[in-house]
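Here is a protein chain to explore together, one question at a time. Have a look at the sequence and the fold, then read on.

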Amino acid sequence: MIRKIFRWIWKMMLWFFGLSILSVIIFKWVPIPFTPLMITRIIEFKLDGNDAIYSHKWVPLEEISPNLQKAVIASEDGNFLKHSGFDFKAMQKAFKNNSKGRRLKGGSTISQQTAKNVFLWQGRSYVRKGLEAYFTVLIELIWGKERIMEVYLNSIEMGNGVYGAQEAAKHWYRKPAINLTSREAAGIAAILPNPRKYKATNSSSYIDRRKDKIMRVMRHIGKIDY
């Protein structure tokens, strides 16, 4: 009986590793049509008795302004082009700030956020964090930085029911993502901590300060070379 249980567990593990690696390989080239978060949000809308709001269109990285790429690096992951998926200094800093009772901050990199958004559910648990680390390693090895950025900018929530750079640019500024200015890109990046609460336009003073800070950091980011 015990042997059968271990054999079953071993088979499940093999299936998991095989399917997870295969899915990462496929999504290296295939656009990702939807994410678990998108499905979760649609269900939440329905449960609240509202019409589902869903706006998402995939575009290649060449059609997304370098300004937005710089803005999300400046706001979310300053060492994105240098690390191998994890920024341990940022994690340590976040842990110290949170332990002192300051505003909760995560130390997640763009790679970790992408792994979570595409392959996993929302929430906090050791199991999910372990799987997040596993998928982060996979996408760093198989996708590389350019593809990670492309997937990130096409899948992340950038407004209430708004996903991806193209729809965010149209929603907030009525223009395609390729034409975003530095200030507009900073506006989208500034709301990422809570895009359903904050606005990229007609912003609060808090978001305006975040925009200014992001733009200052953007000036020190040279040409993005993946």
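Q: Which residues does the UniProt annotation "transmembrane region" cover?
A: Please keep in mind that this is a predicted model. The annotation comes from an unreviewed UniProt entry, and such annotations may be inferred rather than shown by experiment. In that entry, the "transmembrane region" covers residues 12–30.

Q: Over residues 12–30, how far apart are the end C-alpha atoms?
A: The chain here is 79% helix and 0% strand. From one end of residues 12–30 to the other, the C-alpha atoms are 26 Å apart.

Q: How many helices and strands does the protein chain have, and in what order do the elements run?
A: The secondary structure comes to 10 helices and 3 strands. Reading from the N terminus on, the order is α-α-β-α-α-α-α-α-β-β-α-α-α.

Q: What is the radius of gyration of the protein chain, and what does the globule rule give for 226 residues?
A: The chain is as compact as a globular protein of that length, because its radius of gyration is close to the value from the globule rule. Along the principal axes, its C-alpha atoms fill a box of roughly 65 × 40 × 40 Å. The radius of gyration is 19 Å, and the rule gives 17 Å.

Q: Among contacts between residues at least 6 apart in sequence, what percentage join residues at least 24 apart?
A: A contact here means heavy atoms within 4.5 Å. With that cut-off, the share joining residues at least 24 apart is 68%.

Q: How much area does the protein chain expose, and what share do carbon and sulfur atoms supply?
A: Of the 226 residues, 43% count as buried. The chain exposes about 13300 Å². Carbon and sulfur atoms supply 59% of that area.

Q: How many residues of helix H5 are buried?
A: Helix H5 spans residues 110–119, and its buried residues include Gln112, Lys116 and Phe119. H5 is largely enclosed by the rest of the structure, because its buried residues number 10 of the 10.

Q: How many of the 11 residues of helix H7 are buried?
A: H7 runs over residues 145–155. Among its buried residues are the charged Lys145, Arg147 and Glu150, along with Ile148, Val151 and Leu153. The helix is largely enclosed by the rest of the structure, since the buried count is 10.

Q: Is Gln166 buried or exposed?
A: Gln166 is found in helix H8. Leaving out residues up to four places away in sequence, Gln166 touches Lys57, Val59, Glu63, Lys175, Pro176 and Ala177. Its relative accessibility is 8%, and the cut-off is under 20%, so Gln166 counts as buried.

Q: What is phi of Arg174 near?
A: Arg174 sits in the loop between helix H8 (165–173) and helix H9 (182–190), where it is exposed with a relative accessible area of 77%. Most residues other than glycine have a negative phi. Arg174 has a positive value, near 55 degrees.

Q: What is phi of Asn202 near?
A: Asn202 lies in the loop between H9 and H10. This residue is exposed, with a relative accessible area of 76%. Its phi is also positive, near 50 degrees.

Q: How far apart in space are Gly222 and Ala169, C-alpha to C-alpha?
A: Gly222 is in the segment after helix H10 (205–218), and at 43% relative accessibility it counts as partly exposed. In sequence, Gly222 and Ala169 are 53 residues apart. In space, their C-alpha atoms are 23 Å apart.

Note on methods. Residues numbered from 1 in each chain as written. Predicted model: local features only at pLDDT ≥ 70, side-chain atom pairs only at ≥ 80, totals over all residues. Heavy atoms only, no water. Helix = DSSP H or I, 4+ residues; strand = E, 2+ residues; numbered from the N terminus. Rg over C-alpha atoms; globule rule 2.2 N^0.38 Å. Buried < 20%, exposed > 50% of the residue type's maximum accessible area, 1.4 Å probe, protein only. Areas by Shrake-Rupley, 256 points an atom, 1.4 Å probe, with all protein chains shown as cover.
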